[in-house]
Every structure is written in structure tokens, then in C-alpha cells.
Amino acid sequence: MEEVVKNGNKLQNRAVDSFSSVCSSIVNGIISVCILILVTVFPLIYDKAYTNIMDVKYMCYYMSVLGMLGLLLVAGLVMLVIDCVKFRGVHTRNLLSAFSPCNWKQTFILSDIAVALFGLAVVLSTFHSEYFYEAFWGNEGRYSGMFLTILYVVSYLVISRFWKPKGWFLELFLVTGMIMSIIGITDYFRMDVLNFRGPLTDPVESDIFTSTVGNINSYTAYVGMIMGFSASMFITAKDVKRTIWYYLCMGISFIAIIMGCSDNAYLAIAALFGLFPFIVFKDRECVKRYLIMLASFFTIVLCIDKISRLYEGQVIGLDSLFKVITSLGILPFVVIVLWLLVLLFWIYDKKCRQRGIDSGSRFVYIWGIFSAVVILTICAVLLDANLGGHSERYEAARNYLIFSREWGTNRGYIWGAALKIYREFPFLTKLLGYGPDTFGIITMDQIPYEMVEATGQFYDSVHNEYIQYLVTIGIAGLCTYMAFLVSSLWYMRKNIEKNPMIAGAYSAVLCYAFQAIININLPIVAPMMWLLLSAGVAAGRKKDKTVSL
């Protein structure tokens with residue numbers, strides 16, 4: 001009799017486990033379809049060229065996420081009914097128990113809590129706003145209102161917790177990224193392969209739009225994530241074929257981001273070259289590949305400069321800091337030195353392998369010292385240029401080193417104006433902000449004439465994602481968003497050895513976070529950052545800490 005009971009319990013447990021597995025597969029499949037759409041259709045979709053490209057991307061994203069959430073809700077209800085009828089609600093009770101306060105430490109990670117608080121701050125800001133409708137939809141700005149922001153938050157919570165990461169999904173992110181980048185490269189040569197220009201015959205007007213993204217600032221922000229992902233995957237890849245593939249993607253992304261001719265590219269590049277070594281420099285092979293990456297980047301800059309001079313008048317031409325670098329005349333020497341350094345390090349690495357020498361964390365410490373020297377030097381230059389009274393020394397790079405109202409295409413003015421407006425807010429508005437994506441309403445209400453007189457244009461965004469959050473969703477929204485961003489990066493960094501794609505997602509998000517200092521949060525680029533961040537966190541979660549049906 002006891003044996004019969006035991007066998008019955010075993011069969012019941014198998015049925016329970018089988019049902020859990022089926023439910024998990026269904027949920028994972030629904031999420032996977034949404035992600036597949038976002039990494040393939042979203043980057044390339046358009047309707048009427050550049051005239052409505054933000055609307056099309058926005059609709060593609062929210063329809064994909066709402067479709068996913070709707071299917072998950074229906075599937076969840078069906079699973080709930082089956083569980084209650086067939087298994088007496090065992091799975092439901094297990095799921096709900098994971099959300100009880102005593103299990104929060106095992107159920108939630110820090111970024112989950114931070115993003116939930118961020119979502120709460122956005123909701124409170126919207127209901128506190130005098131312009132509830134506009135704050136909800138973001139229709140007076142760039143559609144980054146409460147509706148879209150909550151979709152970001154919910155999609156993160158769903159994907160990071162329930163999706164079983166598959167590397168080939170993010171390989172598709174690179175494939176569509178390559179298509180988008182190559183189209184952008186052809187636009188640098190003014191080929192207009194998509195015939196998007198149409199009535200835009202003025203080069204000054206048409207050159208600021210490119211590829212299937214739109215404005216060059218958005219384009220380079222997106223390419224920056226492609227660059228970060230492919231470069232980190234190249235540095236950490238173990239397989240030869242994958243290494244070649246990632247190197248090719250990295251090279252194309254370098255070309256694309258340089259030819260994008262947007263200043264926010266420099267911050268993404270600085271984040272990649274300056275911060276990623278702290279993660280990978282414990283391995284000599286990674287150091288060697290980093291040097292190859294560095295040498296390749298400056299080689300590409302040199303080649304683009306030569307091509308631009310050769311086809312002057314037919315191409316857009318290098319602009320801003322890249323133009324300053326190439327005009328110094330030392331770039332060929334720098335390229336030679338870097339490739340020589342690659343060769344010397346390759347010889348050093350070969351000898352170390354032969355002798356069985358392990359360098360350990362030596363290169364991390366060396367890079368830390370080098371980075372500290374570079375940062376101190378930059379700070380000294382900035383102080384000398386702005387407070388030392390020697391601005392004439394830096395005339396060639398005054399647009400970057402000397403801060404004024406005109407700095408960064410009038411970003412100096414609008415940043416100062418935004419902070420001044422924030423200081424004049426009452427306490428509760430300082431805490432919760434004016435309302436998500438309502439900066440255009442603020443400027444039109446408070447500084448319309450001053451703004452146009454000072455800059456000649458109307459600003460509906462601060463052109464700095466963090467100051468924008470400060471003014472529109474308050475210090476509560478900014479702090480919770482920063483906590484979410486930092487804790488997510490920390491979590492990915494901590495689990496980077498678990499899955500190769502975590503390194504790619506980490507670098508992509510890092511590049512986005514840095515370029516956001518001088519850029520706008522748009523539904524053209526931000527959805528991909530949230531997706532990559534969610535995928536990176538999902539890959540880092542341990543199975544025993546993942547809530548499953």
C-alpha cells in the first residue's frame with residue numbers, strides 16, 4: 001500500500017513538473033516573439049521616410065509590448081484555471097508565496113526594486129502635473145510620457161524575470177544593426193539608397209537625417225549600442241568564427257558612428273574605450289584584442305579622412321572632434337604606434353604563455369593609473385580653459401573645452417535655463433517634477449521669448465536625459481532611474497561570466513548611458529536600450545531565484 005502511495009505521489013509530482021515546464025515554455029515563447037519583432041522589425045521599419053519615423057517606431061514598440069502583455073495575461077488566466085481545476089492551485093500558491101515580504105530578498109534584486117520605484121515616481125509625477133493628458137501620453141514632447149515609460153518598466157520586469165535568453169536573438173540585433181549602419185554609411189556618400197530625401201534638397205537640411213532612424217543624434221545613439229555590443233563580444237569571444245564576425249560588426253559600427261557626424265558619439269566611444277577595460281583586463285587575450293580594437297578604430301578614422309578628402313563635395317565630410325583630430329597631422333603616426341603596440345603585446349603574450357606566467361589583475365591596475373592621469377589632465381585643461389584665463393590656447397577645440405551659453409549647439413543655454421526653472425519650482429514639484437515629457441510646455445509657458453532670442457529656436461527637450469528627468473519627473477524620478485541604471489549595470493557586471501551576451505548588453509547600455517548626457521530620450525532608441533538591459537539582467541539571474549509558473 002505504501003509503495004502504491006509513493007508511486008502515486010511520484011506521478012503527481014511529475015505531472016506538476018510537466019505543467020510548470022509547459023507553462024514556462026509558453027510564457028517564454030510569447031516573450032521571445034515580442035523580442036524577435038523588436039530586434040528585427042523595430043530598427044528598420046518606416047512609413048513615409050523621415051516625416052513620421054518617430055511615430056512609426058513608437059507605434060511598433062508599444063503595439064509589440066502590449067501584444068506581449070495581452071497574450072501573457074490570457075495565457076496566465078488559462079494556466080490559472082487549469083492549475084485550480086487539475087492541481088488545486090499548487091502552482092498559483094507557489095507563485096504568490098514568492099511575492100510575500102518574507103521572500104522578497106530571494107525574489108527581487110536591487111534593480112527590480114529601483115525600477116518599480118521609478119515607475120511609481122513617474123505615475124505620481126503624472127497625477128501631480130497640471131497637464132495630466134500631456135504628461136500621460138507625452139504628445140507635447142517626444143511620446144516619452146507615463147504610458148511609454150510604464151511600458152518600459154513592465155517590459156523590463158517581464159523580460160528580465162521570465163525570458164530564457166537565447167544568444168541568437170541578440171545576434172539578430174547585430175544583423176539588423178549592420179543593415180541600418182550600412183545604409184547610414186551610404187548616406188554619408190549622399191547616395192540616398194532608400195530615396196528618403198525627396199524634397200529635402202538643401203544639404204544642410206538633409207544631412208542631419210540618416211538611415212532608418214532619422215536625426216543623426218538618434219542614429220549615433222543607436223549605433224553606439226551596436227558598437228558597444230559588438231566590440232565587447234569581439235574582445236570576449238572564444239570561437240574563431242564568432243571573433244571574425246564580431247570584428248566585422250565592430251568595424252562597420254566604427255565606420256557608421258564616425259560617419260554619423262554627431263557629437264554624442266564621442267561620449268559613447270569614451271565609455272567603451274575608457275571603462276570596459278576595467279572588466280576584461282584580467283585576461284591577456286582580452287588586452288590584446290582591446291589593443292587591436294583601438295588600433296582598428298584610429299585606422300578607420302584615418303581611412304575615412306583620406307576618403308573624405310578624395311571625394312570632397314560628394315560626401316558629408318568629417319565634422320567636429322574627428323575633424324580636429326585629423327587636422328593635427330599626427331594620426332598616421334598614432335596608427336603606426338598602435339599597431340606596433342599590438343605586435344609587441346602579441347610577442348609578450350606568446351612568451352608569457354610559453355613560460356606559464358599569469359599576469360592576473362596587473363593590467364587592470366595599470367589601466368586604472370592611466371585613466372586617473374587622463375582624467376586629471378582633462379580636468380586641468382578644462383579649469384585652465386574656463387577659469388585660468390588661457391582660452392586662446394585651446395582655440396582649435398574651443399567648442400568642446402570652453403563652456404558658454406553656445407556650448408554644444410546651445411546646450412549650455414538650455415541646460416542652464418532648465419536648472420534655473422527647476423530651482424524656482426515649489427518643493428512638491430521639485431520632488432515629483434512638472435510631468436513626464438512636458439519640458440516643451442514649461443519653456444513655452446516660462447521662457448518662450450528669451451529662448452528664441454538666445455538660440456533662435458524652440459526647445460521641447462533639455463538635450464540631456466538626466467536634467468530632463470530632473471525637471472519633468474523630479475528628483476524622485478531621477479534618483480530612482482539612476483539607481484535602476486547603476487544597479488542593473490552592477491548586476492550584469494557581477495554575473496558577466498555566466499553568459500557571453502551579458503558583456504555585450506553591459507557595454508551597449510553603458511554607451512547609451514554616457515551619450516544620454518547630451519542627447520534626448522526618444523522612442524526611436526530608448527526601447528532598444530531597455531530591451532538590451534532587460535536581456536542582460538535576464539541572462540544574469542540564477543535559476544533558483546527565478547520565479548516560474
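Modeller: A patch is made of residues with over 30% relative accessible area and no salt bridge, in which like charges are joined within 9 Å and nonpolar side chains (Val, Leu, Ile, Met, Phe, Trp, Tyr) within 5 Å. This is a predicted model, in which local features need pLDDT of at least 70 and side-chain atom pairs count only at pLDDT 80 or more, while totals for chains, interfaces and linings use all residues. Residues are numbered from 1 along each chain as its sequence is written, and side-chain values use heavy atoms, with hydrogens and water left out.

Biologist: Which residues make the nonpolar surface patch?

Modeller: L340, L343, L344, W346 and I347 make the patch, which covers about 470 Å². Accessible areas come from the Shrake-Rupley method with a 1.4 Å probe, and for residues only the protein chains shown count as cover.

Biologist: Why is L344 called partly exposed?

Modeller: The relative accessibility of L344 is 49%. Buried means under 20%, exposed means over 50%, and partly exposed is in between (1.4 Å probe, protein chains only). The value of 49% lies in between, so L344 counts as partly exposed. L344 is found in helix α16, residues 331-355; helices (H or I, at least four residues) and strands (E, at least two) are DSSP runs, numbered from the N terminus.

Biologist: What makes D349 and R284 a salt bridge?

Modeller: A salt bridge is a side-chain nitrogen of Lys or Arg within 4 Å of a carboxyl oxygen of Asp or Glu. The closest N and O atoms of D349 and R284 are 2.7 Å apart, which is within 4 Å, and therefore the pair qualifies. Because D349 lies in helix α16 and R284 in helix α14, the pair ties together parts that are 65 residues apart in sequence.

Biologist: Are D349 and R284 buried or exposed, and how do you know?

Modeller: D349 has a relative accessible area of 2% and is therefore buried. R284, at 11%, also counts as buried. R284 has a further neighbour in space: its C-alpha is 8.2 Å from that of F363, although the two are 79 residues apart in sequence.

Biologist: Which residues are linked with R284 in a network of salt bridges?

Modeller: The network links R284, E285, K288, R289, D349 and R353. Within this group, E285 forms a salt bridge with R353, and their closest N and O atoms are 3.3 Å apart. E285 lies in helix α14 and R353 in helix α16, so this pair ties together parts that are 68 residues apart in sequence. The structure holds twelve salt bridges.

Biologist: What makes R242 and E171 a link between distant parts of the chain?

Modeller: R242 and E171 form a salt bridge whose closest N and O atoms are 3.0 Å apart. R242 is in helix α11 and E171 is in helix α8 (residues 167-188), 71 residues apart. R242, at 43% relative accessibility, counts as partly exposed, whereas E171, at 15%, is buried.

Biologist: Why is α11 called oblique to α14?

Modeller: Helix α11 (residues 240-259) and helix α14 (residues 284-310) pack with their axes 10 Å apart and at an angle of about 40 degrees. Axes are lines fitted to C-alpha atoms, for helices over the stretch in contact, and angles run from 0 to 180 degrees between N-to-C directions. Angles under 35 degrees count as roughly parallel, over 145 as roughly antiparallel, 65 to 115 as roughly perpendicular and the rest as oblique. An angle of about 40 degrees falls among the rest, so α11 is oblique to α14.

Biologist: How are α10 and α11 placed relative to each other, and why?

Modeller: The axes of helix α10 (residues 216-236) and α11 come within 8 Å and cross at roughly 155 degrees. That angle is over 145, and therefore α10 and α11 are roughly antiparallel to each other.

Biologist: What is the handedness of the crossing of α10 and α11?

Modeller: Their crossing is left-handed, a term used if the near helix is turned anticlockwise from the far one by less than a right angle, with right-handed used if clockwise. By contrast, α11 passes α14 in a right-handed crossing.

Biologist: What makes α7 roughly parallel to α25?

Modeller: The axes of α7 and helix α25 (residues 526-540) cross at roughly 25 degrees and come within 8 Å. Roughly 25 degrees is under 35, so α7 is roughly parallel to α25. This crossing is right-handed.
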